[in-house]
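The following exercises ask the reader to work from strand pairing to individual residues and then to a pocket. Please keep the sequence and the model at hand.

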Amino acid sequence: MEDSLTTPPAKTDPAAGPEFDSNRRRSQASAILHWLRDLTLSVVIAMVVILFLYQPVKVEGTSMMPALVDQERIFINKFVYRFPFGEIHRGDMVVFWFPHDPTKSYIKRVIGMPGDRIEIDSGAVLVNGQRLDEWYVPADYRDDISMPPEMVPAEEYFVLGDHRKSSNDSRMWGTVPRRDIYGRAVFVYWPFDRIGVLH
C-alpha cells in the first residue's frame with residue numbers, strides 16, 4: 001500500500017478577521033493624523049520665521065542694478081544685525097532708514113566700515129589706499145565721479161548703489177549710522193526667473 005499524504009486543515013488567521021481590518025483602519029487614520037499634525041506644525045513654524053525674522057519688500061528704483069531691479073520682490077533679514085554676533089560686513093546689501101528723512105527706506109551696499117578711509121578716483125573706490133575689487137559693478141554701470149578722502153566715523157557706514165550712474169548714496173549725503181540699519185537683503189522671490197540668494 002502506498003503511503004498517502006494528507007494536507008492538514010487550514011487554520012484561520014485570527015488577524016485576518018473583522019477585528020484586524022478595524023485595527024488596520026485605525027492605524028492608517030492615526031498615521032494620517034500624525035502626518036497632518038507635522039505638516040501643520042511645519043507650516044506654522046515657516047510662517048513665524050517669515051513674519052518675524054524675514055520681511056518681504058518691493059524694490060523701487062534702479063540704483064542697485066544689476067543685483068536688484070525695479071519692482072522686484074525680496075526678503076530682508078530683520079534680525080541679523082540685532083544680535084551680538086550679527087556684524088555688518090563690507091559688501092552686505094543693507095536696508096536702512098534714510099538719515100535725512102526717516103520716513104524713507106533705502107537699500108545700498110556697504111563699502112566703508114567704521115574707521116575706514118574712503119576715496120573715489122574717477123569712479124574707482126579706494127579703501128585705506130587700496131582699490132576695492134567691485135566685481136558686482138559692471139563696466140556699463142560705473143561713472144567717473146571723484147571724491148576726496150574722508151574717514152568713516154565710528155558706528156557709521158559708507159554705502160553705495162551698484163548702479164553708480166543712477167544711485168543717490170553716501171557720495172552725496174554722507175554715511176549711515178549703525179542704528180538706522182535694520183536689515184540685510186538676502187533673497188529674491190519674485191519674479192520667478194530671478195529667484196535666488198543675493199550676494
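Each exercise below consists of a task and a stepwise solution.

The model is predicted, so local features need pLDDT of at least 70 and side-chain atom pairs count only at pLDDT 80 or more, while totals for chains, interfaces and linings use all residues. Residues are numbered from 1 along each chain as its sequence is written, and side-chain values use heavy atoms, with hydrogens and water left out.

**Exercise 1. Determine the strand order of the open sheet that contains E6, and identify its edge strands.**

Step 1. Strands (E, at least two residues) and helices (H or I, at least four) are DSSP runs, numbered from the N terminus. Two strands pair if DSSP finds at least two bridges between them.

Step 2. Strand E5 (residues 117-121) is antiparallel to E6, with 4 bridges. Within this pair, Glu119 stands opposite Leu126, and Ile120 is placed opposite Val125.

Step 3. On to the next pair: E6 and strand E7 (residues 130-131) are joined by 2 bridges and run antiparallel. Here Leu126 has Arg131 as its bridge partner.

Step 4. The open sheet has 4 strands in the order E7-E6-E5-E8, with antiparallel pairing. Its edge strands are E7 and strand E8 (147-151), each of which pairs on one side only.

**Exercise 2. Describe the turns on either side of E6, and state which residues have a positive phi.**

Step 1. The hairpin of E5 and E6 has 2 residues between the strands, and Ser122 adopts a positive phi near 50°.

Step 2. The hairpin of E6 and E7 also places 2 residues between its strands; in this turn, Asn128 has a positive phi of about 55°.

**Exercise 3. Establish whether the faces of E6 are covered or open, and examine Ala124.**

Step 1. Buried means under 20% relative accessible area, exposed over 50%, and partly exposed in between (1.4 Å probe, protein chains only).

Step 2. In strand E6 (residues 124-127), Ala124 and Leu126 point to one side, Val125 and Val127 to the other; all are buried, and both faces are thus covered.

Step 3. Ala124 counts as buried because its relative accessibility is 11%.

Step 4. Contact means heavy atoms within 4.5 Å. With neighbours within four places in sequence left aside, Ala124 is in contact with Glu119 and Arg131. Between Ala124 and Glu134, 10 residues apart in sequence, the C-alpha to C-alpha distance is 9.0 Å.

**Exercise 4. Characterise the surroundings of Arg171.**

Step 1. Arg171 belongs to helix H2 (residues 170-173). Its relative accessible area is 15%, and therefore Arg171 is buried.

Step 2. A polar contact is a pair of N or O atoms within 3.5 Å; within protein, one must be able to donate a hydrogen and the other to accept it, and residues adjacent in sequence count only if both atoms are side-chain atoms. The side chains of Arg171 and Asp143 make such a contact at 2.8 Å. The Arg171 side chain also reaches the backbone oxygen of Ser167 at 3.4 Å.

Step 3. Beyond residues up to four places away in sequence, Arg171 touches Ile120, Asp143, Ile145, Met147, Phe158, Leu160 and Arg164.

**Exercise 5. Trace the pairings of E11.**

Step 1. Strand E2 (residues 73-77) is joined to strand E11 (residues 181-190) by 5 bridges in the antiparallel sense; Ile74 has Val188 as its bridge partner.

Step 2. Strand E3 (residues 93-97) is antiparallel to E11, with 3 bridges, and Phe96 is partnered by Ile181.

Step 3. E11 and strand E12 (residues 196-197) are antiparallel, with 2 bridges. Phe187 faces Val197 in E12, and the hairpin of E11 and E12 has 5 residues between the strands.

**Exercise 6. Describe the lining of the largest pocket.**

Step 1. On a 1 Å grid over the protein atoms alone, a pocket is an open set of points where a 1.4 Å probe fits, with protein on both sides within 12 Å along at least five of seven lines; lining residues have an atom within 4 Å of a point.

Step 2. The largest pocket has 18 lining residues, and Val59, Glu60, Ser105, Tyr106 and Ile107 lie nearest its centre.

Step 3. Strand E1 (54-58) and strand E4 (105-112) each supply at least two lining residues; E4 gives the most, with 4.
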